[in-house]
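These are notes for a colleague who is opening this structure for the first time. They are set out as numbered points, to be read beside the sequence and the model.

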Amino acid sequence: MNDKKIDGSKRKFLKMVSIGSAVVAFAGFVPSLSFLIPRSVGLTSFPTLTLVKPDGTPIHTSDILPNNAQIVLFQYPLSNEPSFLLNLNKSVPGGLGPKNSVVAYSAICQHLGCEPPSIKYYPPGSKKVDKYVVGDYIHCACHGSTYDPSDKAKIITGPAKYPLPTVELSYDSSTDTYKATKMGKPVIYGRKDWPNGSLDNDLRGGDPIKTEGKTDVYILTKTS
Ligand code: FES
């Protein structure tokens, strides 16, 4: 009788241990699942967002200082995706504004994803970072990739293999205001689905911008 009681307690104990082990094993497995489950889709289409100052009023061309050593950024298309806003003070491919000089690019390096302040815009006259860079450029200090903001952010020096993605803007000349409308190619770093890229999607992996119809332009810091 006493043995039966002991056996019963043993069984109960073993059952609890086995349930506990399963819970621990599952808990241990949870981090692995995050690699198996595709990242969520933050949006189903690109939002059209007016670029505004922190006080909520639209930015105008005069607010984007030409060739200025500032890192002027805004989030697009999701809230964790910084983009450069540059006024190059000359007509450039894809440029908008009164001089066709305003452009926007993803500020996430196409090599391994470094973000500002590691990746910066250097206006004309900045100290050269290497012998190939002779004019204005965007440079990533992580591993030295350099991009040409005057020519669709094409690569000047690697190791990055792709240009910075363009943020397509629209410009209203009657109000001198700008909107971000969609991303151009290639996809933002980290939004390519490994291994075949068949599900490339700039709208994955983050939260939508919460301010209705607007995205703040902000100055992160000044470049040296
Ligand atoms: S992450 Fe920019 S060069 Fe490597």
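1. Start with how the contacts are spread along the chain. Among contacts between residues at least 6 apart in sequence, 56% join residues at least 24 apart. The protein has 224 residues, of which 29% count as buried.

2. Keep in mind that this is a predicted model. The average pLDDT is 77, and 71% of the residues score at least 70. Over residues 1-39 the pLDDT stays under 50, and for this stretch the model has two contacts beyond four places in sequence. I would read the remaining points with that in view.

3. The secondary structure comes to one helix and 11 strands. The order from the N terminus is α-β-β-β-β-β-β-β-β-β-β-β, so named by taking helices and strands as DSSP runs.

4. What makes up the largest nonpolar core? It has 41 residues, and those with the most contacts inside it are Phe84, Leu85, Ala104, Tyr105 and Ile138. Several strands each supply at least two residues of this core, among them β1 (49-52), β4 (102-106), β9 (167-172) and β10 (177-183). In soluble globular proteins, nonpolar side chains tend to be buried together.

5. Tyr105 can serve as a way into that core. Not counting residues up to four places away in sequence, Tyr105 touches Ser83, Phe84, Pro149, Ala153, Leu164, Pro165, Thr166 and Val167. One of these, Ala153, lies in the loop between β7 and β8. Ala153 counts as buried because it has 25 C-beta neighbours inside 10 Å. Its phi is near 60 degrees, a positive value in a residue other than glycine.

6. β3 is mostly covered, with five of its six residues buried. β3 runs antiparallel to β2, and three bridges join the two; Leu73 stands opposite Phe84 in β3. The two strands form a hairpin with six residues between them. Pro77 is found in the loop between β2 and β3, and the peptide bond from Tyr76 to Pro77 is cis, with omega near -5 degrees. β3 is also joined to β4, by five bridges and in the antiparallel sense. There, Ser83 has Ser106 of β4 as its bridge partner.

7. Which side chains of β1 are buried, and which are not? The side chains alternate along the strand: Leu49 and Leu51 point to one face and are buried, whereas Thr50 and Val52 point to the other and are not. β1 and β10 run antiparallel and are joined by two bridges. Thr50 stands opposite Lys179 in β10.

8. An open sheet of four strands has the order β5-β6-β7-β8, with antiparallel pairing. Its edge strands are β5 and β8 (154-157), each of which pairs on one side only. On average, neighbouring strands of this sheet are turned by 30 degrees against each other, direction ignored. β7 (residues 146-148) and β8 pair over three bridges, and Asp148 has Lys154 in β8 as its bridge partner. The hairpin of β7 and β8 has five residues between the strands; in this hairpin Lys152 takes a positive phi near 60 degrees.

9. Gln110 deserves a look. Its place is in the loop between β4 and β5. Is Gln110 buried or exposed? Gln110 counts as buried because it has 26 C-beta neighbours inside 10 Å. Leaving aside neighbours within four places in sequence, Gln110 is in contact with Ala160, Lys161, Tyr162, Leu164 and Tyr189. Gln110 and Pro186 are 76 residues apart in sequence and 9.3 Å apart in space, C-alpha to C-alpha. Pro186 sits in the loop between β10 and β11 (214-222), and a cis peptide bond joins Lys185 and Pro186, with omega about -10 degrees.

10. A last backbone point concerns Asp176, in the loop between β9 and β10. Asp176 has a positive phi of about 55 degrees although it is not a glycine. Asp176 is partly exposed, because 15 other C-beta atoms lie within 10 Å, whereas a buried residue would need 20 or more.

Note on methods
Residues are numbered from 1 along each chain as its sequence is written. This is a predicted model: local features need pLDDT of at least 70, side-chain atom pairs count only at pLDDT 80 or more; totals for chains, interfaces and linings use all residues. A nonpolar core is a set of buried Ala, Val, Leu, Ile, Met, Phe, Trp, Tyr and Cys residues joined through C-beta atoms within 7 Å. A residue is buried if 20 or more other C-beta atoms lie within 10 Å of its own, exposed if 12 or fewer, and partly exposed in between; C-beta atoms are placed from the backbone. Two residues are in contact if their C-beta atoms, placed from the backbone, lie within 7 Å. Two strands pair if DSSP finds at least two bridges between them. pLDDT is the predictor's confidence in each residue, from 0 to 100. Axes are lines fitted to C-alpha atoms, for helices over the stretch in contact, and angles run from 0 to 180 degrees between N-to-C directions.
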